[in-house]
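Here is a report for a reader who has not met this structure before. Please look over the sequence and the model, then read on.

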Amino acid sequence: MRSANCSPMSYPVLPPTHQHHMWDAWDMAAEICISQLPTLVDDPNAEFQPSPFFTEQLTAFEVWLDHGSERKKPPEQLPIVLQVLLSQLHRFRALVLLGRFLDMGPWAVDLALSVGIFPYVLKLLQTTTPELQQILVFIWTKILALDKSCQVDLVKDGGHTYFIRFLDSIDAYPEQRAMAAFVLAVIVDGHRRGQETCIEAGLIHVCLKHLQCSSPNDAQTEPLFLQWICLCLGKLWEDFSEAQLIGLQADAPAIISPLLLEPQPEVRAAAVFALGTALDVGSDTSRDGQGEEDDDDEKVKAEAGIVKNLLNVVSDGSPLVRAEVAVALSRFAFGHNKHLKSVAAAYWKPQSSSVLTSLPSFAVKGSSSGYTTPTHYMPHGSIVPSPIAPLLRVGHDSQPVSRDGRVSSSSPLATPGIMHGSPLSDDSSQHSDYGALNDCVTNGVLSYSRRKPLDNALYSQCVLAMFNLAKDPSPRVESLGRRVLAIIGIEQVVAKSFKPAGVSIRPGEPSTSASASLAGLARSSSWFELTGGAHLPLAFRTPPVSPPRPSYMTGMRRVCSLEFRPHLMSSPDSGLADPLLASPGPSGVSDRSFLPQSMIYNWSCGHFSKPLLTAMDDTEDVIARREEREKLALDHIVKCQHSSLSKMQNQIASWDTKFETGTKTALLQPFSPVVIASDENERIRVWNYEEATLLNSFNNHDYPDKGVSKLCLVNEFEENLLLVASNDGNIRIWKDYSSKGQQKLVTAFASIQGHRPGVRSVNAVVDWQQQSGYLFSSGEISSIMAWDLDKEQLVSTIPLASDSSISALAVSQVHGGQFAAGFVDGYVRLYDIRTPEMVVSATRPHTQRVERVVGIGFQPGLEPAKIVSASQAGNIQFLDMRCAKDKYLTIDAHRGSLTALAVHRHAPIIASGSAKQLIKVFNLEGDPLGTIRYYPTFMAQKIGSVSCLTFHPYQVLLAAGAADACVSIYADEILPPR
């Protein structure tokens with residue numbers, strides 16, 4: 001056009017393209033075609049050679065894919081690749097290359113959509129060519145992972161049938177069919193037309209058929225496929241009662257419920273999501289219920305079955321699963337609100353002699369404008385004589401109560417740092433929580449429910465499950481649990497600031513106002529305000545999912561990446577955190593907005609935003625570090641095994657932890673000069689003993705009144721995680737714990753469910769076995785619980801042979817699945833989880849007056865049954881559990897005051913500590929290697945009463961914690977000080 005003196009104009013102005021070097025490529029292509037004309041004219045039999053232009057452009061695009069990235073110039077060939085899609089000859093290659101490009105990340109999908117990919121790939125859904133199906137499903141997966149709005153066009157053009165056919169085909173791999181399930185899930189996500197058309201196409205029956213085909217625990221079934229079938233079903237009938245009815249008639253809950261036992265937490269969470277969304281929340285406030293009697297009967301029966309299945313996984317090891325259970329129970333609570341309220345109100349009838357223990361500290365909300373304070377607060381150890389009394393055995397975990405029983409109102413704590421829902425909620429908000437029970441029907445839309453009542457016992461179990469979720473060790477689940485309680489009329493209100501004695505409030509931490517203390521409960525400061533002030537954690541955002549790694553708890557790392565999106569409330573000072581609670585009557589618009597939203601769907605979608613075609617292996621640095629640590633460990637093990645120990649009295653470091661209640665547990669890191677210690681108030685401090693510097697200090701959780709039972713390291717050779725076991729059996733696992741203020745809670749769960757009647761506390765004993773990936777826990781309960789931390793699942797409950805409970809537990813670091821337990825009555829039993837009968841052998845070496853076993857450990861070496869056991873009476877027994885004689889050596893180490901025992905993992909050395917302020921060290925022949933009585937100071941001060949002892953895993957170093965809050969580290973005299 002320029003040669004004809006014409007200048008093309010456009011609005012907005014396009015950049016000049018007349019000198020683009022692509023014209024050279026076109027000129028060359030045209031020249032190749034034109035140069036063949038003379039030959040074709042002269043020779044009628046001559047064959048025309050097609051232009052290599054498109055082939056060459058695809059090759060250029062392939063070269064860019066090999067070397068290009070987001071930071072480099074985008075490929076110029078992309079528009080040409082889209083043109084090539086129209087050519088049947090090059091279509092397959094073009095689609096494969098386009099798939100590779102889209103897999104580079106959301107930026108690539110965005111670029112392709114801006115160039116105009118959409119109409120091309122939409123048109124291609126009409127093709128029936130088998131080889132194109134797989135790559136087309138992949139391309140649509142990538143597009144919909146970025147842009148959900150394409151769902152409307154897909155349904156309008158009937159594209160959903162293409163993916164349903166692909167999902168039902170047996171030729172495709174499970175991973176590819178999982179992508180088809182993902183595409184269908186996006187099509188029906190919040191899109192009623194999509195839900196209707198997919199149901200007409202029979203999607204529910206297709207999904208259920210595939211779930212029936214894949215038997216649980218079948219190694220051939222791809223977990224991702226099961227996960228997305230469940231998520232697709234959940235989205236298909238979410239808030240769509242016709243679809244829910246079809247699912248219930250097809251017996252969907254019975255087909256989905258076996259997946260609640262799957263080893264992958266993601267699959268279990270997706271199954272809970274599918275079951276939860278099958279519960280009809282109900283929205284028509286004027287429903288008379290006359291015409292649907294028969295349907296209602298069936299629905300009530302099906303809902304009861306669903307809820308029973310949900311209650312089975314309310315104590316799952318994965319916070320991801322428990323969060324979904326909380327969301328599902330909130331739907332149930334919304335639909336059966338009135339009945340659940342009346343059951344909850346039954347808990348709070350005034351009791352003259354005995355009142356309930358198992359619930360957190362909550363109070364009754366009266367029908368008048370203010371609150372009525374219950375006449376009795378609830379002490380430990382008593383049970384309400386009610387129809388649900390047998391369910392209340394787990395009542396040991398009530399939260400700290402303000403000393404004078406009075407409750408204060410306070411201004412909302414508007415600091416995100418103390419959000420319960422935040423991943424960083426380990427910075428304790430120093431207040432105890434009271435709540436209010438709303439047994440009157442004044443909560444607006446939450447009160448209209450006209451459901452038929454279910455079995456009263458089921459409602460009781462639900463209320464108990466909701467209370468357990470509201471005091472879950474995971475802050476996320478706890479936050480959701482409290483929202484569920486709010487639905488049945490139980491709200492949290494601020495109580496007086498509670499701090500354990502001697503723990504000062506750190507600068508910058510808010511404290512509740514003591515001057516506002518009132519005799520009764522004040523106006524409704526709902527728990528929303530408490531847990532974050534103006535920042536209300538309502539919705540989850542899709543987080544990045546970290547790559548899988550060949551060590552335990554990869555699932556936990558994934559869970560850890562979930563984050564809350566802060567939600568700014570419109571009226572933070574109104575006293576009611578949600579306008580719904582303040583509304584005087586029903587509001588049809590916002591009724592469901594009160595329900596907490598599920599997170600598993602959005603979180604799972606993040607998987608398809610990541611590169612799927614390139615394997616995410618460990619980086620070379622990670623592998624090199626692991627190999628270096630393994631070599632270092634082997635060298636140290638050899639030195640330990642051949643060390644000729646003389647005395648262990650050389651104190652190389654001493655650390656005043658400043659714990660008010662003394663040191664409770666300690667742990668030495670294997671590959672860095674770091675000691676970790678904790679106290680009764682669950683304060684954890686990390687100290688570098690070479691540089692004598694405090695690296696980090698943090699609270700294990702918000703209500704530090706339990707004490708820490710055990711500290712363990714998970715994945716020693718990797719970036720290790722710190723496992724903290726509380727005395728109540730709750731497990732919390734932290735990462736980045738040695739960086740100041742950077743610690744993050746990876747996962748948390750209750751390893752012990754229930755304890756013996758009449759027992760005040762569980763006194764949990766816990767140990768972790770790296771080889772098997774098992775965590776064993778017991779205490780004042782009648783069994784030992786074995787958890788697989790990779791699956792985040794309870795794998796075995798080993799019943800105890802006697803009524804006596806376990807007081808000491810130790811795992812073998814050599815033989816996976818083997819562990820020893822010491823009992824209160826002096827018995828020692830060896831267990832092997834790999835054997836059908838579990839118990840290998842039992843003996844009772846401690847027969848003196850005080851028989852309690854306070855320490856136990858496996859002797860170093862490869863022999864599986866050699867154990868060291870120490871009783872409170874002060875005698876240490878060396879046992880060979882295979883021999884009839886059992887004990888072959890006895891050391892009377894202390895007289896009636898032994899408090900701690902440590903056995904080195906590899907060196908022939910043991911240490912015992914006494915309440916009488918001394919530590920004794922012995923070799924495996926029983927010869928004393930030294931006694932530690934004094935600190936090596938000028939004044940020769942006596943050491944404190946010994947509370948814990950621990951050896952370094954690969955060096956001859958002993959860390960001792962004492963009641964005077966001092967942690968000392970001792971080495972053999974022949975070793976140079978570090």
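The text below goes from the whole chain to its confidence, its sheets and a few single residues.

**The chain as a whole**

This is a predicted model. The protein chain has 978 residues, and 58% of them are buried. It holds 27 helices and 35 strands. Many contacts link distant parts of the sequence: among contacts in the protein chain with a separation of 6 or more, 66% join residues 24 or more positions apart.

**Confidence**

How confident is the predictor in the protein chain, as a mean pLDDT? The mean is 75, and 74% of the residues reach 70 or more. By element, confidence is highest in helix H17 (residues 265-277), at a mean of 95. It is lowest in strand S5 (residues 517-518), where the mean is 27. Two stretches call for care. Over residues 283-292 the pLDDT is below 50, and this stretch has nine contacts beyond near neighbours in sequence. Residues 350-450 also stay under 50 in pLDDT. For residues 350-450 the model has 303 contacts beyond four places in sequence. Where pLDDT is low, the predicted coordinates should not be read in detail.

**A covered helix**

Helix H20 spans residues 337-346. Seven of its 10 residues are buried, so the helix counts as mostly covered by the cut-off of under 20% relative accessible area. The buried residues of H20 include Leu340, Val343, Ala344 and Ala345. Asn337, His339 and Lys341 are buried in H20 too.

**Two open sheets**

Strands of a sheet pair through backbone hydrogen bonds, either parallel or antiparallel. Take the sheet with the order S9-S10-S11-S12: it is open, has four strands and pairs in the antiparallel sense. Why does one side of strand S9 and of strand S12 have no neighbour in the sheet? Strand S9 (663-668) and strand S12 (693-699) stand at the edges with a single partner strand each, so one side of each is left free of a neighbour there. On average, neighbouring strands of this sheet are turned by 20° against each other, direction ignored.

A further open sheet of four strands runs S13-S14-S15-S16, with antiparallel pairing. Its edge strands are S13 (708-714) and S16 (744-750), and each pairs on one side only. Neighbouring strands here are turned by 20° on average, direction ignored.

**Strand pairs**

The table lists three antiparallel pairs, with one bridge in each.

| Strand pair | Bridges | One bridge |
|---|---|---|
| S10 (residues 674-679) and S11 (residues 683-688) | five | Ser678 with Ile684 |
| S13 and S14 (residues 721-726) | six | Val708 with Ser726 |
| S31 (residues 918-923) and S32 (residues 928-932) | four | Phe922 with Pro928 |

The hairpin of S31 and S32 has four residues between the strands. In that hairpin, Gly926 takes a positive phi near 90°.

**Phe717, in a loop**

Phe717 lies in the loop between S13 and S14. Is Phe717 buried, partly exposed or exposed? Phe717 is partly exposed, because its relative accessible area is 24% and the buried class ends at 20%. Which residues does Phe717 touch, leaving aside neighbours within four places in sequence? They are Arg626, Arg629, Glu630, Ala633, Phe671 and Tyr954. Pro670 is 47 residues from Phe717 in sequence. In space, the two lie 8.8 Å apart, C-alpha to C-alpha.

**Gln877, in a strand**

Gln877 sits in strand S27 (residues 875-880). Gln877 is buried, because its relative accessible area of 2% is under 20%. What does the side chain of Gln877 meet? It makes a polar contact of 2.5 Å with the side chain of Thr890. The backbone oxygen of Pro845 lies 3.4 Å from a polar atom of the Gln877 side chain.

**Cysteines**

A disulfide is a covalent bond between the sulfur atoms of two cysteines. How many disulfides does the model have, counting cysteine sulfur atoms within 2.5 Å? The count comes to zero. Cys640 is buried, with a relative accessible area of 3%. Cys712 is buried as well, at 6%.

Note on methods: Residues are numbered from 1 along each chain as its sequence is written. This is a predicted model: local features need pLDDT of at least 70, side-chain atom pairs count only at pLDDT 80 or more; totals for chains, interfaces and linings use all residues. Side-chain values use heavy atoms; hydrogens and water are left out. Helices (H or I, at least four residues) and strands (E, at least two) are DSSP runs, numbered from the N terminus. Buried means under 20% relative accessible area, exposed over 50%, partly exposed in between (1.4 Å probe, protein chains only). A polar contact is a pair of N or O atoms within 3.5 Å; within protein, one must be able to donate a hydrogen and the other to accept it, and residues adjacent in sequence count only if both atoms are side-chain atoms. Two strands pair if DSSP finds at least two bridges between them. Axes are lines fitted to C-alpha atoms, for helices over the stretch in contact, and angles run from 0 to 180 degrees between N-to-C directions. A disulfide is a pair of cysteine sulfur atoms within 2.5 Å. pLDDT is the predictor's confidence in each residue, from 0 to 100. Contact means heavy atoms within 4.5 Å.
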